[in-house]
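Trainee: I'm new to this one and would like a close look at a single part, the buried part. Could you walk me through it?

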Amino acid sequence: MDSVYTRRAVFTAMRPFLEDADLLTAMMIWQEKYANKSTYAFTQFLSECCRTTELKRNRPSILNAIFGSLELPEQDLLPDPLNHDTGRFDTLTAHEVQYATANIVFVQFLAALLGNLSDDLALKVKAYLMKHVGAKMKLNTQQTFALKTWAHNNSAELNAAFDSKQKQAMINIIYIAICEYIGPVQADQLLAKAVQETEPLAKKHQVDLHDYL
Amino acid sequence: MVIIKKQLLYPLLLLLFSPLVYAAETTNVAEVINTLWVLVAACLVFLMQAGFALLESGMSRAKNAVNVMMKNYMDLCVGSLLFWLVGYGLMFGTNVSGYFGTDHFALSSMADWTYTTLFFQTMFAATAATIVSGAVAERTNYVAYLMGALGLTAFIYPIFGSWVWNEGGWLNKMGFIDFAGSTVVHSVGGWAALAAIIVLGPRLGRFTPDKQPRSLPGHNLNYVAVGGLLLWFGWFGFNGGSTLAASTNIGHILLNTHLAGAAGALGALFIHFVLRQPALLTSGVNGSIAGLVAITAGCASMEIPYVVLTGAIGGAISVLGNKLIERMGLDDVVGAVSVHGFAGVWGTLAAGLFLTGNLFNPHQIMVQLIGVAAAFVWVMITAFIMYWLIAKTVGMRVSTMHEQRGLDITEHGEIGYPEFSHQAAYTAEKLSNLEKL
């Protein structure tokens, strides 16, 4: 199946269900991970994108909508959200694009940092973050909810905007937790490894990882 | 035989140092040679700064290597100026009360011999100050550290020094023996380090959640070994120069110094052997330094078998003392408290126990104990108050973000090994992108 056609179909199907920023994040996840996968991956894609209670409830409807869109003629689909000149999604405002891309890179960085820990340890580190994050910075309700969802559901996204200072503080708390649990030498190594693993994605989206460090 | 040697030595020295020939015509030749010896010894003591810098930097992680070097470098500078300004007067000025000197502050014009002793004693003061830097490495605010070095060299060290090395000092009058400073220099530095690490707390992750110590290996063991050897070499000036004269017993003093250092390394490794632990390089080096610290008090007044015993026990103490410090939940990066503090105490007691011609004299041992206790009480109280005040005002400890990035970046904007940092989270080319903390 033509990848542009599929992307337009996914975009068209999800448009009525998701807010602009969430839709953009979903499209970026699609592009990063699922664009080259078979249609069987749609379920996995949706479970990764739809984390809020409402979206979870709508997941079957969205899946039906996607399969429906894939049957539509090309002229009935929304235009391709990906700008081929810039290689970026620019159907939304520049600010939203920036926020969504930064969030994707940040979440990927967190995943890389925690991915090298055992599941048990990763959970302990996340619990440490949730316990101490309030003391380091002020979070609004949306941010707290997004962080809890990420921590408890092993979500691949953070559905809230965090500024670079907040991201820096979160990484620092995670670093402290890793220092406490397995030692600072390994914490430094894991931090360096996460930077190396995330650097290509960050470069692609023109995000400077050192904003988080 | 001695006369023949002198007859050969004097013309040779005059030939070697020909500009001094003219001075020698008008001054006592012995005075010139004494001056020369003490100045050379002072330069050797200066070299100990390089030893400390290498040893402490090598025992720290790569991301803090520059910071440790800078602390060593700058405490020498700050300490030297402050000692000239205030410290020397407090330590060697007229001491009527027995507790501190009252003149000789900021000397600008003085007798030739006073220039010499001021230079020599300045190197000692800088040594006392730099002992702290290794203990507090990797988590201390740079400015706060320098303020501590300032307080130590201008106030804490010289006042205690005046009790022992000033003719009017109360410990001096009691007959306290501390020839080159096991207590005056090393224990004072060690106790100041202890006060500092109590105020500071341990580095991130130094202890596990169930309070077990975790090893944080230094980044360059070669530096540690070379630093140890440089210190050892400098110690010949430290102890040998403390004669303050080119006397014939210098050979005895230097041999004692050397043997104690060697015995110290063996003593430390013996403890590892008994505990069935591997023979660590850091322990060997620290053991030799502890042996040198221990013999510093009695290097001019002990016979060789006792010297070896003193050094070996000093080395053993460096290992056991470090375990005690860890058990107390304290984080001493280089083991300065056990090497300088504990071994200094042992050495000072040993100087009383093994005093040639007056072995195991209870009165002398009591005097030594009083001196050791006085040093502990004086330094712990004053240094603790000083570091506590610094912590409450300037801030003694850096933030966790500083610890994450490493103090080379956060305190100096530099990386110690820029070509080799590509595997690290923070690379040299990205430094300018980092947000200022």
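Mentor: Let's pin the word down: a residue counts as buried if 20 or more other C-beta atoms lie within 10 Å of its own, exposed if 12 or fewer, and partly exposed in between, with C-beta atoms placed from the backbone. By that rule, 40% of the 213 residues in chain A are buried. Bear in mind that this is a predicted model: local features need pLDDT (the predictor's confidence in each residue, from 0 to 100) of at least 70, side-chain atom pairs count only at 80 or more, and totals for chains, interfaces and linings use all residues. Residues are numbered from 1 along each chain as its sequence is written, while chains are lettered from A and ligands numbered from 1 in the order they are written.

Now for the cores. A nonpolar core is a set of buried Ala, Val, Leu, Ile, Met, Phe, Trp, Tyr and Cys residues joined through C-beta atoms within 7 Å. The largest has 127 residues, and those touching the most other members are Ala135(B), Phe160(B), Val188(B), Ala192(B), Ala193(B) and Ala196(B). Its biggest contributor is helix α4 (residues 65–92) of chain B, with 14 residues; helices here are DSSP runs of H or I, at least four residues, and strands are E runs of at least two, numbered from the N terminus. A second, separate core holds 64 residues, among them Phe162(A), Ile178(A), Val195(A) and Ile415(B).

Zoom in on Ala193(B). Leaving out residues up to four places away in sequence, Ala193(B) touches Ile131(B), Val132(B), Ala135(B), Val136(B), Asp332(B), Ala336(B) and Val337(B), where touching puts two C-beta atoms, placed from the backbone, within 7 Å.

Helix α11(B) is worth a look too, as 15 of its 16 residues are buried. Why do its ends sit where they do? At 1.5 Å times one less than its number of residues, α11 (residues 281–296) of chain B should span 22 Å, and its end C-alpha atoms are 23 Å apart, which agrees.

For contrast, turn to two loop residues. Ala106(B), in the loop between α4 and α5 (112–135) of chain B, is exposed, with 10 other C-beta atoms within 10 Å. Leu244(B), in the loop between α9 (221–240) and α10 (250–274) of chain B, is partly exposed, with 16. Neither is a glycine, but Ala106(B) has a positive phi of about 45 degrees and Leu244(B) one of about 55 degrees.
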